[in-house]
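Me: Please take a close look at one helical part of this model, asking which of its residues are buried and which are exposed. I should then be glad of a connected account that sets this part beside other helices, strands and loops.

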Amino acid sequence: MSLWKRIASHADCEQRMAAYYEEKGMLELRICLAPWIEDRIMSEQITPNTTDQLERVALKFNEDLQQKLLSTRTASDQAHKFRVVELCALIQRISAVELYTHLRSGLQKELQLVTEKSVAATAGQSIPLNPYNMNNTPMVTGYMVDPSDLLTVSNSCNPPVVQGIGPIHNVQNPGIASPALGMVTPKVELYEMQHQIMQALNEFGNCANALKLLAQNYSYMLNSTSSPNAEAAYRSLIEEKAAIVLKMRRSFMYYESLYEMVIHELKNWRHQQSQAGNGAPFNESSLDDIQRCFEMLGSFIAHMLAAFKELMRVRLVTEEPELTHLLEQVQNAQKNLVCSAFIVDKQPPQVMKTNTRFAASVRCLIGSELGIHNNPPTVECIIMSEIQAQRFVTRNTQMDNSSLSGQSSGEIQNASSTMEYQQNNHVFSASFRNMQLKKIKRAEKKGTESVMDEKFALFFYTTTIVNNFQIRVWTLSLPVVVIVHGNQEPQSWATITWDNAFAEIVRDPFMITDRVTWAQLSVALNIKFGSCTGRSLTIDNLDFLYEKLQREERSEYITWNQFCKEPMPDRSFTFWEWFFAIMKLTKDHMLGMWKAGCIMGFINKTKAQTDLLRSVYGIGTFLLRFSDSELGGVTIAYVNENGLVTMLAPWTARDFQVLNLADRIRDLDVLCWLHPTDRNASPVKRDVAFGEFYSKRQDPVTGYVKSTLHVHVCRNGENGSTSGTPHHAQESMQLGNGDFGMADFDTITNFENF
């Protein structure tokens, strides 16, 4: 269901939006070109930073809009042509910027209205609104109409859409969605699309029957002797052929509409695939349904080509340029279908280390429909830099397989694979199971750029044969960052995380915005952290992260530099370095405790002290928080015997390699009650909260004295005062199951007697 159809399904929403568009006289334009406007604007996600940028975007949109209108004209429909002229005149009367911003704002209002209705429909449920989805709303397939009715002002004119739109401001409760929740967009029903394609194929069968009758009459005319009715029969054949050509043109227009619907679904799937790179939920199996649509379109276009070739044999006039042009369009459509069907279904690792093995696979969604599998092609792979990919895509470079290997920005081993067809599931794919990047060529760096900011992509290409024509196909992987050392990993993941979260569905490789709203970023951080650790962030956690990211001047937007380039105030590390280190520490050493809700984590020192002092259990109440000053550190704050809050010096991964966190907590008798992470819950006894994570004490090996590590907190006189100042939890070695401790050696006078 399209965006406008969803608006039209609610009378109050339709009335509000109709009044809005009528302010500028754009209601008819909005309805008539609903699919095109939604697709054109909502796939861009452009937020111009300057007046000049806005003007350039608006002028390009204005130009494309007029061309789209003019392309819908038909030679025979005078009323239709007149309405096109009127709409073009409307466009010319309004300034480009005014028209573009009014339509764009209108789509934002429509999305907000649709969201309000969705939220109202799920009232009482605990599913939070995902504001990032409002920025990149997956397209939703609706019902098709006859292309000839494109400019009919009717609420039924609602072909498929909807992709992402620019930032939606003033969204409440930003970023509280978990990776598994918050998806308020409607479910795409691909079977509806398959039904429409099948219906179109059945209707085309009527055209094929008429063509068969035409061919029979034409053959009869050629074989018959001269007749007084020959001229009338000849004119009748011309009229029959013209009617068939008209039907075939309409069928082809309908095919193009169906093709656009399927491509939208594929774009949406690929967008979800990039989101999955950050840990978002991803239904990979929906690609099988999309493939079914591709296969049906392949059958549709093959039937049309066969019909056109049959129609060309009915030679009633010397030249038929219109029919020849239409045949060329159908042939190009088949080529485009094959090219669009070639995709990366299993992405390579997006942070790729040299001399490390990795895998990927590509797939042709046509399957066996056009017979490509009978002569399976070999797929080659090279690695392209961002600049190379831009040149190739934006300039529409003609691909020459023999020269592409010399354009690689690196050396990849095992970069060739032959496609294989699996009869049981109709998957036609090439798997690269043992690839290895041996060398990489870097571009010259500018300013503060580093190798971790540089994006590459794997470029897969091959040549296939369809109807005796060679078709060169290619596809790009998601962006990858190439590293040579593990210490480059954190910043590399910053580049990839930002790109996966905020890339437009359609873009030049690999253009990305340098600022996003906090609503967008909070969802991205939540998805990333939740997928790595198994527990989503709370509203309080996200509020704390927002405070971390802000500088002196508060802003709705967070920039790339704030995210991972500029050190946080009074710190030597960036926000991302701090966040990434915490994520890694939690995943490697505290996963079970974090998932169980035992770790408060994201809370500042002041709030931790306030919450602990307000606890009804008082002395011995404690919580665990991530360190502000130590990368990848976790500290314990507790109420000491004096009723004040003590903060232990942070522990890091190195400490937990010696003794895990739960055992450290067990050793500290000053810790009695765990302050709850849920503000509505009550404190829990320490051993109840952490008991399942304690290590089992092992029996000593016979003939040896058992040694154990214990943690204790320094008291007065050992390491300063305990009245609210940070202290270090020290570790000591003690002996158990023996006759003496380490201190007993001081009293031994005759060592040999023992």
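Reply: A residue is called exposed when its relative accessible area is over 50%, buried when that area is under 20%, and partly exposed in between. The model to which these terms are applied is a predicted one.

The part chosen is helix α21, which runs over residues 605-613. Its buried residues are Ala608, Asp611 and Leu612. Because these three cover an arc of only 95° around the axis, they lie on the same side of α21. Thr606 and Leu613 occupy the other side of α21, where they are exposed.

Helix α2, residues 11-22, can be described in the same terms. Cys13, Glu14, Met17, Ala18, Tyr20 and Tyr21 are the buried residues of α2. Their directions from the axis cover an arc of only 160°, and therefore they too are placed on the same side of their helix. Ala11, Gln15 and Arg16 are exposed on the other side of α2. The length of α2 can be checked as well: twelve residues at 1.5 Å a residue should span 16 Å, and the C-alpha atoms at its ends are indeed 16 Å apart. The expected span is 1.5 Å times one less than the number of residues, which is the reasoning behind that agreement.

One buried residue of α2, Tyr21, also leads to another helix. His102, in helix α7 (residues 96-121), is 81 residues from Tyr21 in sequence, yet their C-alpha atoms are 7.9 Å apart in space. His102 is itself buried, because its relative accessibility is 7%.

The packing of helices is described next. Helix α10 (residues 230-276) packs with helix α11 (residues 286-312) at an angle of about 160°, and the two axes are 10 Å apart. That angle makes α10 roughly antiparallel to α11, since angles over 145 degrees are counted in this way. The crossing by which α10 passes α11 is left-handed. In the contact of α10 with α11, 22 residues are nonpolar, two are polar and two are charged.

Helix α11 also packs with helix α12 (residues 321-340), here at an angle of about 155° and with an axis separation of 10 Å. These two helices are therefore roughly antiparallel to each other as well, and α11 and α12 cross in a left-handed sense.

Two further pairs of residues may be added to this picture. Met221 belongs to helix α9 (residues 190-223) and is partly exposed, because its relative accessible area is 24%. Met221 and Leu237 are separated by 16 residues in sequence, and by 9.3 Å between their C-alpha atoms. Phe469 is found in strand β10, residues 469-476. The C-alpha atoms of Phe469 and Lys335 lie 9.2 Å apart, although 134 residues separate the two in sequence. Phe469 is exposed, since its relative accessible area is 54%.

A comparable description applies to Asp499, a residue of helix α15 (residues 489-502). Asp499 is buried, because its relative accessibility is 2%. From Asp499 to Val480 there are 19 residues in sequence and 9.9 Å in space, C-alpha to C-alpha.

Finally, the backbone has some features to note in the loops. Most peptide bonds are trans, and most residues other than glycine have a negative phi. The bond that joins Pro509 and Phe510 is a cis peptide bond, with omega about -20°. Phe510 lies in the loop between α15 and β12 (515-517).

Positive phi values are found at His426 and at Asp570, neither of which is a glycine. For His426 the value is near 65°, and the residue is placed in the loop between β7 (420-422) and β8 (427-440). His426 is partly exposed, because its relative accessibility is 37%. For Asp570 phi is about 60°, and the loop in question is that between α18 (560-564) and α19 (575-589). Asp570 counts as exposed, since its relative accessibility is 74%.

How values were computed:
Residues are numbered from 1 along each chain as its sequence is written. This is a predicted model: local features need pLDDT of at least 70, side-chain atom pairs count only at pLDDT 80 or more; totals for chains, interfaces and linings use all residues. Side-chain values use heavy atoms; hydrogens and water are left out. Axes are lines fitted to C-alpha atoms, for helices over the stretch in contact, and angles run from 0 to 180 degrees between N-to-C directions. Helices (H or I, at least four residues) and strands (E, at least two) are DSSP runs, numbered from the N terminus. Angles under 35 degrees count as roughly parallel, over 145 as roughly antiparallel, 65 to 115 as roughly perpendicular and the rest as oblique. A crossing is left-handed if the near helix is turned anticlockwise from the far one by less than a right angle, and right-handed if clockwise. Ala, Val, Leu, Ile, Met, Phe, Trp, Tyr, Cys and Pro count as nonpolar, Asp, Glu, Lys and Arg as charged, and the others, Gly among them, as polar. Buried means under 20% relative accessible area, exposed over 50%, partly exposed in between (1.4 Å probe, protein chains only). The arc is that of the directions from the helix axis to the C-beta atoms.
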